[in-house]
Structure formats: C-alpha cells, structure tokens
Amino acid sequence: MTARYENLIDGHDCPPAQGAYLDSENPWTTQVWAQIPRSTPEDIDRAVAAASAAFRNAAWAGISATKRAALMRRLGDLVEANAKELALAEVRDNGKTYTEMLRQMLNTAEWYRYYGGLCDKIEGRVIPVEAPGHFNYTLREPLGVIAMIIPWNSPVRLLAWKLAPALAAGNTCVIKPSEHASTSTLTFARLVREAGFPDGVVNVVCGLGAEIGPALTDHPDIAKVAFTGGVGSGTAVYVAAAKRMRPATLELGGKSPNIVFADADLDAAVQGVAGGIFASGGQSCVAGSRLLVADAIHDAFVARLADVARRIRMGDPMDAATHVGPVANRPQFEHIMKMISMARDEGATIACGGESVTGAQGGLFVQPTICTGVTADMRIAQEEVFGPVLSVLRFSTEEEAVALANSTRFGLGAGIWTTDVGRAHRMAARVRSGSVWVNTYRMTSQTSPFGGFDLSGVGREGGQAMIDAYLQTKSVWVNTTGVMAPAFPSL
Ligand code: TXE
C-alpha cells in the first residue's frame, strides 16, 4: 500500500496548495511505496510565515534556556526511541542498509543532546571600553528563520547537523528535504511536535529543488541558509543568499584522498581504503574516492583491495548480511555509470568491477569499481562520482603525495596511512582538507567541527563553535552618568 505524506506547517499536516504529489520509489524493490507533496512557492510562503510567527511568539522567543535545553534532550530521547522507524524510512527512500541507518539514528540522537547542553551556555560579555561613564556588553541573539536544504543520502543525520545548533540557539526553520528522500524527515518532524516544541518552530516542505528551492532561498524573511548537496545546487543557493546579504553554510561533497605510504600498516590501510570508498556504495560526502599509493606497494595493495571489493555483498538493504544496498535513485545510477564509461574513455584501466547489476527485486547496483592508471588531469580524478568508484593514482615521494592530494578543487576529507609519526603530522599540516584522518577514516562526531575547504563548502558543522553560526551579536552601550554631554558645545 502506498503511504501518503503531507508537509508539516505550523504544527499541522498540510496538503500541498496545488494538491500534487510525487512518487517515492524504494530503490531495492523499484516499487512506489510513498507519495510526498509536490509543493509550490505558496507552500513555502505559508511555512516561512509560520516560522516567522513562531520566532516572535513568546512560547518560543520567551522560553528560558533551561527549558529549551530540556526540549532538546527530549527530542534526542525520542529520536533514540524511534530509531528503528526512522531507519526504516531511510532504507525505503535511499536503499542504504538498515544496519548503517540504525547506527546513524542512534548517533543523531546525540546531536540533539549535545547542543541541548549548550543552550544555557550562550553568554554575552561585559567589555571594558575607553569611554568613562559608559557600560558596554554584548547579547547573543538567534538569527530568525533558517532555511535548511537537505540531500538524499543521510537526510535525518545531515538535518541534525543544522537543526540541533539552530534550535539550541533559539531559531526557527523551514526544512526542504530532497525529493528523492523526504519521508524520514517528515517522520522525524512528528517527533519534534511530540517533544513539545511550539508549533511553527520546525516546518517541512517537500518538493522539487527547481520548483521550490529558489522560493525558499530568495524569501525575504529567511535569515540564513544551511545546505548540503552538490556543487551546482550549492552555488545557486549561495548566490541567492548573497543577493539578500544573508549568511550561508554549505557542505558540498569532495574528491577525498586516502594516501597510503609504503611504511603503512597495510592490513589496516586496506580496510580503511575499502570502507572509505565502498561503504554506502560510495554515496557519502566523505567517500575516499582517490587512492594515492606509493609506487613501491602499488601492485600488491591494489590486488588486496580488489580482493576485498569483489567480496562485498550487494543485496537487500534489510538483510543484516548485506554490505551494500542499491544505488539510491535512477539519476544517480546513470551518473555513476556515465563516470565509469568516461574513465574508460580517458584511458583508465578497470582493475575490478565497472559493471551494473540488477538485484533480485529489480533494484540497480554498481559493482565496487577500481580504476588504475589514473592521472591527476583526468576528469575521473577531479569530479565527484558519489558512487563506488575508486581512482588510483601513484606517487614516489612525500612531496608528490602532497601535490596529488591537493590537486583537486575539493577539500573535505583526507586519510593518511603511515607508521611514521613525523610524516603523519607533516602531511596533516600540508593537506588542504577540512578533516584529516591518520590511520583511520570517516570519523565524525557532534563534538568536533566538520566541513570543507574550497569547493567542498563554506563553514563548519559540529562542535561548540557551531552554535555561533546560528547567533548574532548585539553590542549594547549604556550611559551610566545620567548626563548627556552637549552635542555641539558652543550652541
Ligand atoms: O543533489 P542536489 P542531487 C552530490 C553528488 C550527486 C550530486 C547531485 O555528487 O551526484 O550532488 O545530487 C535541493 N535551490 N551530492 O541532485 O541537487 C534539492 O531539492 C534550492 C553531494 O541529489 O544538490 C535537494 O533538497 N535547493 C552530497 C538538495 O538541494 C535546491 C549529497 C540537494 O540536491 C536547488 C547529495 C535550488 N536551486 C548529493 N536545486 C553531499 N555533500 O553529501 C536543488 N535543490
């Protein structure tokens, strides 16, 4: 049976103004399992109006920081209690394994708890000023209505990276999930109501990026845009924010290198590199899609990696024995296959994989693929695939490794595999990347900042400082003398 979902506006389930819906296809069964609203700018207007009213309403604006913290903790508890339902919605929407999605949901709960802990630690300062008889202090105030635009690969988790600090700071929001994966966000939004947040604080409007995205990012009552997605859409969002002189945080993916030196613990490196690119079918922003490997170990390392790649089990994402589910949606599948064919045309060798596979129920898979003989000037070494495709480049010196690592316009993550502690720190300092992992990969935490250099984005998510990105500072001056000096003494 097809489930029908509605937008959440001002605490109510709201059918889209034009009454149109989009089909949500389960990528494993290829069957339509849900319908989501195909909203129009009218729906965006309603949601922004609700969020603006909620921002001013005493039920939210006047709530104490201690009470806001309690709401956040309650939301974290509800995410944990409903983790299975949320994970199931994501599996149906994007085909990632249930095991992975469940783990993500449990971690997502921690984001709300962590930022809940910061609510009552938002403090201004008393500032010594060289102005006798004047008292100066700062107030830290929320920004207003935040537009949050979310992709399909891990919607509830990537939303938390924005929503948790934004709510902790006292903002309200309008969320636009991806048209490819909206149901988990709507399921999550019900929990926001259940936790006791006032109506209108969190609103969700579903629909196509091209049809409602600009109506949201260009809305005059939006105070900030927080976005995760591709570079193309991210650029459009950033331009829209700039035209209204508004801040934006953007997380835009990458072409992250795993750099394996000859002195590395090769057992560990094989695991890290294979997991870095093939977990989630490569559909993750930090996918380690470039392997930079020392000449001396190139052939042996690639052979070991290919052996792991060939043994990865693709299948039903609900089956605990499955390592990787289907590609999340047809446009993404077509994009991955086009990139593999482009790699072949550019002269790369497909050392393993390279073909598509149709699953038992019709879902589309791409074999874990390793392209060797790749050079830095090839498009396969420069452009994000967002699929299970690894480009292998070789180096002979540390200098060359640094140059190759920094040879793309992205800079999201980098793995460094070496047992030489000096080299590990030298490399960490020289690689242009928002996160550097030494002898590990993919580590993130609500307590630590995450984000990208260059085309990988603007701003950071996670960590204490992130709450500042959802606050603004007001400087208050008070004349304590009771006397105002004449403006024009001679008059
Ligand atoms: O992302 P989009 P798509 C990369 C990956 C993938 C490519 C395209 O390489 O192949 O992006 O994926 C909304 N104004 N990543 O098409 O278009 C859209 O509706 C406002 C990297 O799914 O960037 C969705 O909600 N919003 C990545 C969101 O933007 C607009 C995760 C992301 O969609 C808009 C996913 C507009 N003009 C894909 N156009 C990561 N960094 O993790 C679209 N949207």
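This passage describes a small sheet, the aromatic contacts and the salt bridges of a predicted model.

A convenient place to start is the sheet formed by β1, β5 and β4. This open sheet has 3 strands in the order β1-β5-β4, and its pairing is mixed. The edge strands are β1 and β4, each of which pairs on one side only. Strands of a sheet pair through backbone hydrogen bonds, in either a parallel or an antiparallel sense. Here, strand β1 (residues 3-4) runs parallel to β5, with 2 bridges between them, while β4 and β5 are antiparallel and share 5 bridges. Burial accompanies this arrangement in β5, where 5 of the 6 residues are buried and the strand is mostly covered.

Individual residues make the register easy to follow. From β1, R4 stands opposite Q35 in β5. On the antiparallel side, Y21 has P37 of β5 as its bridge partner, and L22 stands opposite I36 of β5. The hairpin of β4 and β5 has 6 residues between the strands, and within this hairpin T30 adopts a positive phi near 60°. R4 and Y21 also meet through their side chains: the charged end of R4 sits over the ring of Y21, at 3.8 Å from the ring centre. R4 therefore has two roles in this description, as it stands opposite Q35 in β5 and places its charged end over Y21, with the contact counted under a limit of 6 Å from the ring centre. A further contact of this kind involves K224, which lies over the face of Y470 at 4.4 Å from the ring centre.

The aromatic rings come next. A pair of aromatic rings is described by the distance of the centres and the angle of the planes. In this model the count comes to 12 aromatic pairs. One of them joins W28 and F365, whose rings are edge-to-face, with 6.1 Å from centre to centre and 85° between the planes. W28 lies in the loop between β4 (21-25) and β5 (32-37), whereas F365 belongs to strand β17 (residues 364-366), so this pair ties together parts that are 337 residues apart in sequence. W28 is buried, at a relative accessible area of 10%, and F365 is buried as well, at 2%.

The pair of F135 and Y137 can be set beside it. Their ring centres are 5.5 Å apart and their planes meet at 40°, so this pair is tilted. F135 is partly exposed, with a relative accessible area of 36%, and Y137 also counts as partly exposed, with 25%. Ring pairs also build a cluster, which links W111, Y114, Y115, W161 and F450.

Charged side chains add another set of contacts, and the structure holds 23 salt bridges. Among them is the bridge between R190 and E85, with an N to O distance of 3.2 Å. R190 lies in helix α7 (residues 183-195) and E85 in helix α4 (residues 83-94), so the bridge ties together parts that are 105 residues apart in sequence. R190 is partly exposed at 42% relative accessibility, and E85 is partly exposed at 37%.

Another salt bridge is found within one helix. R330 and E334 meet at 3.8 Å, N to O. These two residues are 4 residues apart in helix α12 (residues 330-346), which means that about one helical turn separates them. E334 counts as partly exposed, with 45% relative accessibility.

In a further example, the side chains of D454 and R432 form a salt bridge of 3.0 Å, N to O. Both partners come from loops: D454 from the one between β22 (450-451) and β23 (457-458), and R432 from the one between α15 (421-430) and β21 (435-438), so the bridge ties together parts that are 22 residues apart in sequence. D454 is partly exposed, at 42% relative accessibility, and R432 is likewise partly exposed, at 41%. Salt bridges also extend beyond single pairs, since D77, E80, E110 and R113 are linked in a network.

Key
Residues are numbered from 1 along each chain as its sequence is written. This is a predicted model: local features need pLDDT of at least 70, side-chain atom pairs count only at pLDDT 80 or more; totals for chains, interfaces and linings use all residues. Side-chain values use heavy atoms; hydrogens and water are left out. Rings of Phe, Tyr and Trp (its six-membered ring) pair if their centres lie within 6.5 Å; planes under 30 degrees apart count as stacked, over 60 as edge-to-face and the rest as tilted. Buried means under 20% relative accessible area, exposed over 50%, partly exposed in between (1.4 Å probe, protein chains only). A charge sits over a ring if NZ of Lys or CZ of Arg is within 6 Å of the ring centre and within 35 degrees of the ring normal. Two strands pair if DSSP finds at least two bridges between them. A salt bridge is a side-chain nitrogen of Lys or Arg within 4 Å of a carboxyl oxygen of Asp or Glu.
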